[in-house]
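Here is a set of exercises to work through with the model open beside you. Try each task before you read its solution.

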Amino acid sequence: MDERKIKTALADITAEKDPTIKSQKLASICSALFRERGVELIVVGGSAIEFYTDGAYASGDLDLCYSAGSQPLSLRLRQELMGKLKGEGGPRSWQVAGMFVDILGQIETLARTPFRKLDAPYGPIKISQPEELLVERILVSVYPGENETARNCAKAFLSTALRGQIELDWNEVKRLAQRPEYRIFPQCDALVKEVADEVQIKSPLHPDE
Amino acid sequence: MKSKSKVPCIPMNESISWEDWLKGRRARRESSKLVTPEILRRKSSSSDGRLRKLFSGERGLPFTPTSKL
């Protein structure tokens, strides 16, 4: 990606006032630059949740991980690439175009479903699987104690998925919730039923009832 | 589960175009708000210091109202 294109993108992202669009555009330019060097970035955390729900959740930071098959991501390479975006700070967190970008470690995922993909303005971005984000939020909503924000996030996910706006693999949700790393299936089942009742749709975890 | 709406669905195995993702924003927000409060953003986190400094005391830019999505 040449300097002129980067400059144009940065001006656009800096001027963007919608926090959800701003973070997806920023993820797009970061992904494009890192992809050129063999590193695939994945959007995780609040920006990933916002991508699926538009639920007014994300803060002013963008969390990215890199995928398992990527080239090694040295601190020097991080600094070089984020430097092209005029990023201030580092080596794991930068201020860029009026937001913070955190590049965390290699993504940890148990999900067997694919990362979802968005053809964003500066190149495609990959987003953490909604099945695992949902099960994670349900775990955090009850363990180690009740967490209302996490519960509301999970409910937003469920409502958008139940209403057909996200294609979710419900068998994968069930499998993940039952795994020893989560052990949250009864709570997951109950919350799916609760939201399904609220939006008047049959629970996909009990299609025959 | 089959889509019950004409709103573009975020698919599992293909990419969603930017235009379709934008087109679905309002419907996704409305679905979320059927079962949750208006704003879900956390009130605090370990990033509070840097966020509030950058966003004039807030933790991020204000969200676009649903009516303008």
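**Exercise 1. Find the residue with a positive phi in the hairpin of S4(A) and S5(A).**

Start with the strands: S4 covers residues 93-96 of chain A, and S5 covers residues 99-106 of chain A. Helices (H or I, at least four residues) and strands (E, at least two) are DSSP runs, numbered from the N terminus. Two residues sit between the strands of this hairpin, and A:Ala97 takes a positive phi near 50°. Now check the pairing: S4(A) and S5(A) are antiparallel, over four bridges. Strands count as paired if DSSP finds at least two bridges between them. A:Val96 has A:Met99 in S5(A) as its bridge partner.

A word on ground rules: this is a predicted model, in which local features need pLDDT of at least 70 and side-chain atom pairs count only at pLDDT 80 or more, while totals for chains, interfaces and linings use all residues. Residues are numbered from 1 along each chain as its sequence is written, with chains lettered from A and ligands numbered from 1 in the order in which they are written.

**Exercise 2. Work out the strand order of the open sheet that holds S5(A).**

Step one, walk out from the hairpin. S3(A) joins S4(A) through two bridges, running antiparallel, with A:Gly89 opposite A:Trp94 in S4(A).

Step two, go the other way. S2(A), residues 61-66, runs parallel to S5(A) and is joined to it by five bridges; here A:Leu64 stands opposite A:Ile103.

Step three, cross to the other chain. S6(A), residues 116-120, and S1(B) run parallel, joined by three bridges, and A:Leu118 faces B:Ile16.

Put it together and you get an open sheet of eight strands with mixed pairing, in the order S3(A)-S4(A)-S5(A)-S2(A)-S1(A)-S7(A)-S6(A)-S1(B). Its edge strands are S3 of chain A (88-89) and S1 of chain B, each pairing on one side only.

Last step, look for a helix on the sheet. H3 of chain A (residues 45-53) packs there, touching S1 (41-44), S2, S6 and S7 (123-127) of chain A, and its direction makes about 75° with that of S1(A).

**Exercise 3. Describe two helix pairs in chain A, H3(A) with H6(A) and H5(A) with H7(A).**

What do you need? Two packed helices are described by the angle between their axes and the distance between the axes. Axes are lines fitted to C-alpha atoms, for helices over the stretch in contact, and angles run from 0 to 180 degrees between N-to-C directions.

*First pair.* The axes of H3(A) and H6(A) (residues 148-162) come within 9 Å and cross at roughly 35°. The crossing is left-handed (the near helix is turned anticlockwise from the far one by less than a right angle; clockwise would be right-handed). H3(A) brings A:Ile49, A:Tyr52 and A:Thr53 to the contact, and H6(A) brings A:Cys153, A:Ala156, A:Phe157 and A:Thr160. Contact here is C-beta atoms, placed from the backbone, within 7 Å. By class, the residues of this contact are five nonpolar, two polar and no charged (Ala, Val, Leu, Ile, Met, Phe, Trp, Tyr, Cys and Pro count as nonpolar, Asp, Glu, Lys and Arg as charged, and the others, Gly among them, as polar).

*Second pair.* H5(A), residues 130-142, and H7(A), residues 170-178, pack at an angle of about 45° with axes 9 Å apart. Their crossing is right-handed. A:Glu131, A:Glu132, A:Leu134 and A:Val135 of H5(A) meet A:Glu172, A:Val173, A:Leu176 and A:Ala177 of H7(A). That contact has five nonpolar, no polar and three charged residues.

**Exercise 4. Say which element of chain B gives the most to the side that touches chain A.**

List the elements: chain B has three helices and one strand, running β-α-α-α from the N terminus on. Next, the contact: 43 residues of chain B touch 41 residues of chain A. S1 (15-17), H1 (18-23), H2 (25-35) and H3 (48-54) of chain B each supply at least two residues of that side. H2(B) gives the most, with eight residues. By class, the side of chain B has 20 nonpolar, 13 polar and 10 charged residues.

Note on methods:
Two residues are in contact if their C-beta atoms, placed from the backbone, lie within 7 Å.
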